[in-house]
Amino acid sequence: MLHGLWSPGSGLVLWHDPAGAAVDTDALPDPLGSIVRAAKFRHKAKVLVAGAYGPEEIQVRVHALAPEAAASVLLQELPAQAVAGDLRYLAHVVRGVERWVRAGRIVPEVRRDDGEWWVRWRLVGGQRQRAWLAELAVAMPAALQVAGRPAELLDNLTAELTDPIARLRIMPKLPALLSTVAQVPIGYSSREGTGVADDGMLDFGAPETGSDRARSRSLPTDTATSDEPQSRSHPLLVALLDAEPLDAGSHRVSAVLEDWRTSLTADEPELVLRLLEPDSEDAAEAGALWRLEVCLRVEGEAPQPVLLPGDPHMVRLAGEKLAAAKLAYPRLRDLPGDARSMDLYLPTEVVMDLVAHGAAVLQSAGARLLLPRAWRIAAPSLRLKVQSPAATETAVGLDGLVSFRWELALGETTLTPAEMTRLVRSKSDLVQLRGEWVQADHRTLAVAADYVSGRTDGTESSVGALFAELAAHPAIGVPLEQITATGWAAELFDGEHTTAPVSEPIGLKAQLRPYQLRGLAWLATMSRLGCGAILADDMGLGKTVQVLALLVHERETASAAVGPTLLVCPMSVVGNWQRETERFAPDLRVLVHHGPGRRSGAEFDAAVGDSDLVVTTYALLARDVEELKRQRWQRVALDEAQHIKNAGTRQARAARLVPARHRLALTGTPVENRLEELRSIMDFVNPTLLGKASEFHSRFAVPIERERDENAVTRLRAITSPFVLRRVKTDPSVISDLPDKIEITMRANLTVEQAALYQAVLDDMSAKLKSAQGMERKGAVLAALTRLKQVCNHPAHYLKDGSAVLKRGHHRSGKLALVEDILESVIADGERALLFTQFAEFGDLVSPYLSERFGTEVPFLHGGVSKQRRDAMVTGFQEDENGPPLMLLSLKAGGTGLNLTAANHVVHLDRWWNPAVENQATDRAFRIGQRRDVQVRKLVCVDTIEERVDDMLNGKRQLADLTVGAGEKWITELGDEELRELFALGAEAVGE
C-alpha cells in the first residue's frame, strides 16, 4: 500500500509499508503513478504504523512532493486497493479546500519567503471554516499525527495547498471573472507614501449562494499605478498572476491585506466578556470575586450569555473563542467557573490587570471587554488654592505673602479628608467612591494623600517659598493639574486672563491688536508687582511694539519720573529698534550705546539720565558691564534672550549683574535645545526661582528630556507659567488675518560627483570609528556630519578648492539645480524669496552665481557684515519696490529680529535640524505685515542623511507643549551600526 504523510516544511511525503505487499504502480492513476514510478525514495523519515501494543514509530524511505505536485496528486481519484487510508484522508482534506476555492472563499495574501515577497491565495477563514477544520482534526488518522498536533497540521496543509489549488482551478478563468467577483484590496508600498490610496478596487474570487456568500467588503487600491483599477499592469496583480516576487512588497502591505481578510469574517458572532461588579461596597477590600460573563454578540444585537447546556453550535463557537482569548491573555486560565454557564470568577488583582493590560490584548484576539456602567479609570492629580490680599499697587515680587492649601483629586472629584484617609488605608487599586468603581494606583494615591493631609488647613509663606516647595518635591509622582488664586496672586497665577485692562497709550503711534493690548496689560501688571517676565510670543507677533507701548504707558500713567530702560539686543537688530521707536513711539528719547565712539564715565551717566530707552548689544553688555551697573535702571530688557541661554557665558553673567527694578526677556524660543536654557533665562528675570543649575538638572531636565516625566512637566509649567506669556500665530484667537504658511520638503538627487564624495566621507568616518573612543568618536561623527552636509550642498563647498559652480554648463550639485528651478518660478511671478544657509562659505559661493544667473544683485547678510551695511540691505529689500527679488542670509546672523515681509518665499538651503531655529528664520517673512501666503521650502537630498533625519524629526512628537529642539548631538550617541544605517548612501540618491 502507498501511504502519505503531511510534513510542515517538506510538503506531502509518500512512503511504502515495508511489512506489506509491494505497491502495484500500474494501478495508480497519473500523475500519481508516474511520480511513484520515477521516485527513488532516497530519503528517510519516521512514521507511525500499527503495532502489537498500539502505534509504533518506525523509519522508512520516503519521497517528498512540493505543494504544486501535492495538490495535483491529491485532487485526483485514488484507488482504495492501492492507496492507504492516511493518503485518502489527505485527499479528502484537499478536495474540501477545492470546494472553498470554487466557492470564492479565498483572498490574496502577501507573504515573505526566501528573502522575497510573494502574493499567494489563502482561505478567508471564519466560523464555518474553523468548524470544518475542527471536524477534520477529530477524524485525522493516528498515522498522520507523527509530525505534530492535528489542528496545526491542518492549518499548515491548507495554508500551503490553497494557492496551488486556486491556480489549478480558477486562475485560467481569472481574466473572465475579474468583472463579477468579490472586491479585494490591491495596495503596495512605495517610497513616497503609505501604499494605499483613497479610491479604486480590484475584484477576485467567485460569488457564492446561500449563507456562505463572500461578503463584498473592500479596501482602496493604489491608483497611482493606473487610471484603470482592474488593469493587469498593477504590480500586485502581475505578481499574483505570474507567480513572480512582488518588488513593492512590505510588512505594511501584508498587514493591510490581513486586516481586510479579517473584516470578511465579521458576520460571525463576536466574543464579549462582560465584567459584573460584586454586590458588596467593600468588595475590593474584602476579596470578593468578580463575575466575567461570557457572551456572544451578533452585529447589531445585544450580547447574549452562553448557557450550559445550550445551542451546541453556539457553545462550540464560544468555547473556541474563549480558548483563543485565554491563549492571548493567560491570566484567564485556571480560574473558578460557573457550572451553568461558561462564566469565570476573578479576584480583584486579576480584574485590575485585566482592565489595565488584558483589554487591549483581548481586543487584538477578537474579544471585547465590557466594564460595569459605574466604572471609571481615574488619574490622581494635585490642586493648589492660593489666597492673598486684594490687588495691590505696590511691588510684591517673590517676597509677597500668600496662604495656600493643597487638594487631591481623582479625575474631576476633589477628595475629602475622610476619603483620603480611606484611600491611605486601602490595599487595592480599586475602590468604590461616591457610588462609582474607581481604578487608580493605590500606592501613588496613598503617598499623595499623606502629603496633602498635612497641608489642608492653609499654610502661609512667600510666593518664592511656594515655588521652592513646588520644585523640591518631585517624589510624590502626581501631576499638579490646577492652581487657583485670589487677590493680587490671581493676577500672577492666571496671567493674561485676569490682569486689569489698560487703555491704549495716547503717545503710541500704532493701533494695537487685541492680543497686543492684553500683552501690554500683562507686562504692566508684572512690572507693577515687581515680577520678572518673559514675553515669548511667536516671532512676528509684535513683541517690539508691545515693549514700546509699555514704556509709553508707564510715562503717561506714572505719578513720578520713570527711570530709563536698558534694551540689549543682537547687533543685527539695533537699527530695527531705532526705526521702530521712531515710528511707533517718537516721543521716547533713545540712546544707542554702540560703536568705538560710544560715551563712557560721567558723559555716559548724563546721557543715560536724559534717555528713556538705551539700546546696546550683547557684546557691549559684557564689555561695559561696570559702566552699566552704575545706572539706576527702571528695567533691563533682553531682546532675542536666547543669547543668554548658556548661563556661564560672559554676557549671561553680565545681564544678571546689572541692577534694575524690573527685568524682561523677549524671545520666540525660550527653549531651543535643552531645558537648562529656560532656567538660564528665568534666572535672569527672577533669580533663584528655579534653583541652582545642578538642582534644576536633577529635578526637571533629566526627568523631562530623558524620561518624558509628565509630573515633572506639570511642576515646571506651574512654576514658570506665571512669568511667561506665550502666544502663537497659528491660534485664530490671537490673530485671524495672518495668511497661511505652507511648508514643503523638497528632495534633490545627488550628482555622480556628489555621490562619490559622499561615499568617500563615509569610508573615512568608518575607518576612524574603528579606533576612536569617547570625545574623539563624537568629534569624528560631528565632523563627518558637517562634511556630508557640505557635499549635499555642492562639491565646491566641500572641497574648498575655488572650482566653478557648473561643469561644462551642467550643474555639479543637484540641490543647487533645484534651487535655480524654484527661484526661476518665484521671479517669473514677480515675487521675492529669502534663502537661508548655516554655512557662510556656501553663501559666498551661491550669491555671485545667483546674481549672474538672474541678472540682479543678491545681497548676502551674514555675521561679517557691518551694522551700516546690514541696515542698508534690509531697507533696500524691504522698502524698495525695485529692490532685489532675492536675499541670502546666514541662519545665525539673519535668523532673528528682522522684518522682511517683502518676501513670501523662504528656502532653507541646508538643514539646521532644529525646528525652533528654522522657524525663527522663517518668521522673518511670516509675521505681521505679511499679506500673502508664505511658502517655506526645506531642501534635502534623496536617500542621504538629510532625508533620513528630516523623516525622523517630522515623526517626532514633543512632550506636552515644551519645545526641546532636536539639535545634532544625539547623533553622536548612536552605535556604529545605527550610524552606518543613518549615514548610508541609498540606491536612489543619484539622479539620472
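Hi everyone, let's start with a sheet: seven strands, or 7 to match the label on the slide, form an open sheet in the order β24-β25-β23-β26-β27-β22-β28, with parallel pairing. Its edge strands are β24 (590-592) and β28 (724-725), each of which pairs on one side only. Two strands count as paired here if DSSP finds at least two bridges between them. Helices and strands are themselves DSSP runs, H or I over at least four residues for a helix and E over at least two for a strand, numbered from the N terminus.

Before I go on, a word about what we are looking at. This is a predicted model, in which local features need pLDDT of at least 70 and side-chain atom pairs count only at pLDDT 80 or more, while totals for chains, interfaces and linings use all residues. Residues are numbered from 1 along each chain as its sequence is written, and side-chain values use heavy atoms, with hydrogens and water left out.

Back to that sheet. Strand β23 (residues 565-569) pairs with strand β26 (residues 633-639) in the parallel sense, over 4 bridges. If you want one bridge to look for, take Thr 565, whose partner in β26 is Arg 635. Now find helix α23 (residues 675-685), which lies across β22 (533-535), β26, β27 (660-666) and β28. This helix runs at about 155 degrees to β27; axes are lines fitted to C-alpha atoms, for helices over the stretch in contact, and angles run from 0 to 180 degrees between N-to-C directions.

There is another open sheet further along. This one has 6 strands in the order β29-β36-β35-β32-β34-β33, and the pairing is parallel. At its edges are β29 (741-748) and β33 (860-861), each pairing on one side only. Inside the order, β35 (residues 905-908) and β36 (residues 934-941) pair in the parallel sense over 4 bridges, and Val 906 has Val 936 as its bridge partner in β36.

Let's zoom out for a moment. The protein comes to 35 helices and 36 strands. Of its 992 residues, 53% are buried, meaning under 20% relative accessible area, with exposed being over 50% and partly exposed in between (1.4 Å probe, protein chains only). Among contacts with a separation of 6 or more, 72% are between residues 24 or more positions apart; a contact means heavy atoms within 4.5 Å.

Next, the cysteines. How many disulfides does a search of the whole structure find? The search finds 0, where a disulfide is a pair of cysteine sulfur atoms within 2.5 Å. Take Cys 792: the closest cysteine sulfur is in Cys 941, 4.1 Å away, so it is too far for a bond. Cys 792 is buried, at 0% relative accessibility, and Cys 941 is also at 0% and counts as buried.

On to the aromatic rings. A pair of rings is described by the distance of the centres and the angle of the planes. Rings of Phe, Tyr and Trp (its six-membered ring) pair if their centres lie within 6.5 Å; planes under 30 degrees apart are stacked, over 60 edge-to-face, and the rest tilted. The count comes to 3 aromatic pairs. One of them is Trp 100 with Trp 132: the centres are 6.0 Å apart and the planes at 70 degrees, so this pair is edge-to-face. The pair links distant parts of the chain, with Trp 100 in helix α3 (residues 85-102) and Trp 132 in helix α4 (residues 127-139), 32 residues apart. Both Trp 100 and Trp 132 are buried. Another pair is Phe 696 and Phe 700, with centres 5.5 Å apart and planes at 40 degrees, so they are tilted. These two lie in helix α24 (residues 693-705), 4 residues apart, about one turn of the helix, and both are buried.

Rings can also sit beneath a charge. The charged end of Arg 832 sits over the ring of Phe 877, 5.3 Å from its centre. The rule asks for NZ of Lys or CZ of Arg within 6 Å of the ring centre and within 35 degrees of the ring normal. Arg 853 likewise lies over the face of Phe 854, at 4.7 Å from the ring centre.Last stop: Ala 485, in strand β21 (residues 480-485). Its C-alpha atom is 5.8 Å from that of Lys 385, 100 residues apart along the chain. Ala 485 counts as buried, at 14% relative accessibility. Thanks for listening!
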